[in-house]
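Work through the exercises below with the sequence and the 3D structure at hand. Each task is followed by a solution in steps.

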Amino acid sequence: MSVWKNLGEKTVYQNPWLTLNLADVELPDGRHLDHYLIRQRPVALATAVNEQGEALLLWRHRFITDSWGWELAAGVVEVEKGESAEAAAAREMLEETGWRPGPLKHLLTVEPSNGLSDARHHVYWAQSAEYVGHPEDDFESERREWVPLASVPSLVERGEIRSANSVAALLLLHHMHAAGTAAP
């Protein structure tokens, strides 16, 4: 079995969002290498799918890649406060969209960069949502819209859905909707 062994880590940099560590890694053949890795808090994402087969999404700009795209509402899980991933997903959806999700269901968990980071993104979805009012965190996006799941493959192909966690979640919801398992 080819297993890389982490023999220990030392912190190089740390802030509330991430910790950059340098690990002493032993390869299966016994050689050692220094490997940088990023430790991060878990992230929770959420959307709702309405009766018309549309998912609630955010149209936002990401300054790091200087790109625009559709994404799910997302944010870090406040584990230090005892928050669960499901509760964080509901909180983020309400704060970023102004919509309170109905009962959430776990859709998937992805590791978007597992060769560099231990980040886990937990995606939830609801079959209903209630509009509460203008989003508290309206600065997070240019707009919030119900986007047809049927359009997801072409949006991904055109680069209008770029975030790996949103791509995975929306393609799965598209598949489920086509199979009749994502309808309210």
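**Exercise 1: The chain as a whole**

Task: For this predicted model, what percentage of contacts between residues at least 6 apart in sequence join residues at least 24 apart?

Solution. Step 1: Take the contacts in the protein chain between residues at least 6 apart in sequence; 57% of them join residues at least 24 apart.
Step 2: Set beside this the secondary structure, which comes to 3 helices and 12 strands.
Step 3: Add the extent and the burial. Along the principal axes, the C-alpha atoms fill a box of roughly 55 × 35 × 30 Å, and 41% of the 184 residues count as buried.

**Exercise 2: Domains and their interface**

Task: Where is the protein chain divided into domains, and what area is buried between domain 1 and domain 2?

Solution. Step 1: Read off the bounds: domain 1 covers 5–39 and domain 2 covers 41–179. Their C-alpha centres lie 30 Å apart.
Step 2: Count the residues in the contact, which are 7 from domain 1 and 6 from domain 2.
Step 3: Take the buried area. It is about 550 Å², with 47% given by carbon and sulfur atoms.
Step 4: Find the main contributors on the domain 1 side. W17, I38 and R39 lose the most area to domain 2, together 70% of what that side buries.
Step 5: Look for charged pairs. The rule finds 1 salt bridge across the interface of domain 1 and domain 2. The side chains of R39 and D118 meet in a salt bridge, at 3.3 Å from N to O.

**Exercise 3: The annotated region**

Task: Which residues does the UniProt annotation "domain: Nudix hydrolase" cover, and how much of that stretch is helix and strand?

Solution. Step 1: The annotation, from an unreviewed UniProt entry, covers residues 39–169.
Step 2: Over residues 39–169 the chain is 19% helix and 39% strand. The end C-alpha atoms of this stretch are 23 Å apart.

**Exercise 4: The nonpolar cores**

Task: Which residues have the most contacts inside the largest nonpolar core, and which element gives the largest share of this core?

Solution. Step 1: The largest nonpolar core has 24 residues, and L107, L170 and L173 have the most contacts inside it.
Step 2: List the elements giving two or more residues to this core: β4 (43–48), β5 (54–62), β9 (104–110), β10 (121–126), α2 (152–157) and α3 (164–178). The largest share, 5 residues, comes from α3.
Step 3: Follow L170 outwards. Leaving aside neighbours within four places in sequence, L170 is in contact with A55, L57, L72, L149, V152 and I161.
Step 4: Apart from the largest core lies another, of 14 residues, among them A46, A73, A85 and Y124.

Notes: Residues numbered from 1 in each chain as written. Predicted model: local features only at pLDDT ≥ 70, side-chain atom pairs only at ≥ 80, totals over all residues. Heavy atoms only, no water. Core = buried A, V, L, I, M, F, W, Y, C linked by side-chain atoms within 4.5 Å. Buried < 20%, exposed > 50% of the residue type's maximum accessible area, 1.4 Å probe, protein only. Helix = DSSP H or I, 4+ residues; strand = E, 2+ residues; numbered from the N terminus. Contact = heavy atoms within 4.5 Å. UniProt positions renumbered as here; feature names shortened; annotations may be inferred. Domains from an automatic or database assignment. Buried area = accessible area lost by both parts, 1.4 Å probe. Salt bridge = Lys/Arg side-chain N within 4 Å of Asp/Glu carboxyl O.
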